[in-house]
Amino acid sequence: MADLTIRSIESRQRGIWYLVGVCVATTIGGFLFGYDTAVISGCVDFIQRKFELGPDMTGWIVSSVLLGCIIGSAASGAIADRFGRKSVLQLSSVLLLLSAIGSMLAQTVTQLVAVRLLGGLGVGMTAMASPMYMSEIAPAHFRGRMVSLYQLAITIGIVCSFYINAVLLKYSQTHIESNADGFLHWISVAEAWRGMFGAEAIPAVLYILLLGFIPESPRWLIRQGKVERARVILQHVMRDDEVEHSLTDVKEAISHESNSVFELFRPGLRLALLIGIALPLFSQFSGINAVMYFGPTLLKDVGFEVGGAMGGAILIGIINCLFTGIAIWKVDSFGRRPLLLIGVSGACLSLVGAALLFPMADVPNLWKLVPLLTYCACFSFSYGPVCWVVIGEIFPIRYRGRAVSIATAAIWLGAFSVSQLFPRMLKQFGAAGCFGIYAGLTACAIVFIYYFLQETKGRTLEQIEQGWVK
Ligand code: BGC
């Protein structure tokens with residue numbers, strides 16, 4: 001008996017390490033997502049000077065990646081349903097590598113826009129497939145934590161890109177007088193923006209290599225009738241009795257479903273679709289990317305020195321990472337709903353605080369940084385991770401890929417609109433007006449979450465699916 005217990009503990013620990021390995025491999029996609037979308041902030045001035053770009057072409061350089069993300073996430077759902085989750089992840093990893101190398105070597109601005117678009121396709125695909133893949137492989141009591149790690153990787157990617165941009169900038173400034181030449185000098189000193197893009201090739205290669213070792217999603221395999229292969233994978237992460245339960249539940253769920261994505265408009269499931277689109281849009285319309293990417297501009301506008309503004313932006317990035325830890329810790333015990341309600345309310349109050357403080361000329365600068373930091377902290381343990389967790393778990397298995405595609409495309413559409421509109425809004429309404437608008441939209445989100453979002457912690461994907469139908 002004691003022997004059996006020890007063996008079962010050992011196999012559970014092995015299972016956890018197996019999951020951690022799968023998780024690490026998959027989250028590199030999140031890192032690349034964060035890096036790729038943030039790196040442009042450090043490169044754009046150099047590129048503008050190098051290619052002598054006007055505002056329109058500069059806009060294209062910045063937004064091409066986001067357009068690629070919208071297309072990549074919208075198009076890859078059908079691929080994920082047809083060819084598997086792992087295939088989409090692998091395709092995304094190759095696109096990300098090609099984009100990193102292509103951006104580093106681009107000779108014309110058209111080439112640069114094209115390879116940035118390619119990178120966007122890769123980011124869109126990985127953002128669509130990773131949370132879904134993780135949800136499908138993790139046991140119910142672990143799922144939220146695992147998917148939240150993905151958000152942590154995004155935030156680490158963002159901070160790394162800020163950091164690498166700053167290091168390369170400094171390096172190029174201190175070595176610009178040297179007579180050296182050659183490839184390394186070209187990409188790190190003469191045209192340092194090339195190095196900023198190119199650095200992404202290293203994690204991209206690692207991503208390609210590690211993805212070779214991860215298994216296909218067991219739930220997708222069952223759907224394809226490959227039950228034995230799915231059983232072997234599930235045995236790594238669950239006890240034998242849980243495996244049999246899981247196999248029966250998934251088969252049962254599939255037998256009740258039609259293959260058409262239009263099923264999502266059926267009563268019950270309509271709510272899943274509404275949540276899957278509204279939650280990502282609300283999260284983006286709280287203005288996270290305005291704060292993340294225009295943070296230095298905002299801080300400079302209220303009187304920060306350039307160095308202080310850059311420092312403030314890095315601090316925002318670090319807070320973003322640290323507070324994601326709360327979600328990783330609590331999302332499976334406390335639950336998705338409470339985390340969202342508390343975090344989104346905190347984000348709303350912080351935005352109101354920023355709207356009130358920013359116009360006050362006699363308030364010390366540092367005070368103006370505080371609401372931005374509390375906003376980021378609140379976003380980081382709520383909207384940031386929980387959005388990915390919810391998107392990955394609320395849709396039925398047969399058309400999960402296509403449905404997650406719609407939800408992820410909503411995230412990118414939101415991100416695209418905010419980054420396109422923010423500069424104009426800033427000019428028209430000022431920072432306080434922008435924060436006021438984001439606060440209003442965030443208040444609507446609280447009402448939406450309160451009335452519509454159901455708790456999914458600890459339930460298997462099949463139980464969640466049943467819940468909608470009932
Ligand atoms: C969002 C991004 C955002 C990032 C910030 C992600 O979940 O999709 O738009 O920049 O979080 O941490």
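This briefing looks at one arginine and one cavity in the structure above. The model is predicted, so please read the values below as computed from that model. Arg194 belongs to helix H8 and is buried. The structure also holds 1 cavity of 30 Å³ or more, and its volume is about 60 Å³.

**Arg194 and its surroundings**

- Helix H8 covers residues 192–198, and Arg194 is found in this helix.
- Arg194 has a relative accessible area of 1%, and it counts as buried because that value is under the 20% cut-off.
- Beyond its neighbours within four places in sequence, Arg194 is in contact with Lys50, with Ser103, Met104, Leu105 and Ala106, and with Trp186 and Ile187.
- Met104 has a further link to this arginine: its backbone oxygen is reached by the side chain of Arg194 at 2.8 Å.
- Phe46 lies 148 residues from Arg194 in sequence, while their C-alpha atoms are 9.6 Å apart in space.

**The largest cavity**

- A handy reminder for this topic: rolling a probe the size of a water molecule over the atoms shows where empty space is left.
- The lining of the largest cavity consists of Ile275, Val390, Ile394, Leu453, Gln454, Thr456, Arg459, Ile464, Gly467 and Trp468.
- Sorted by class, this lining has 6 nonpolar, 3 polar and 1 charged residues.
- Helix H20, which runs over residues 461–469, gives the most to the lining, with 3 residues.

Technical notes. Residues are numbered from 1 along each chain as its sequence is written. This is a predicted model: local features need pLDDT of at least 70, side-chain atom pairs count only at pLDDT 80 or more; totals for chains, interfaces and linings use all residues. Side-chain values use heavy atoms; hydrogens and water are left out. Helices (H or I, at least four residues) and strands (E, at least two) are DSSP runs, numbered from the N terminus. Buried means under 20% relative accessible area, exposed over 50%, partly exposed in between (1.4 Å probe, protein chains only). Contact means heavy atoms within 4.5 Å. A polar contact is a pair of N or O atoms within 3.5 Å; within protein, one must be able to donate a hydrogen and the other to accept it, and residues adjacent in sequence count only if both atoms are side-chain atoms. On a 1 Å grid over the protein atoms alone, a cavity is a set of points where a 1.4 Å probe fits but cannot get out, and a pocket is an open set with protein on both sides within 12 Å along at least five of seven lines; lining residues have an atom within 4 Å of a point. Grid points are joined across faces, edges and corners, and a volume is the space filled by probe spheres set on the points. Ala, Val, Leu, Ile, Met, Phe, Trp, Tyr, Cys and Pro count as nonpolar, Asp, Glu, Lys and Arg as charged, and the others, Gly among them, as polar.
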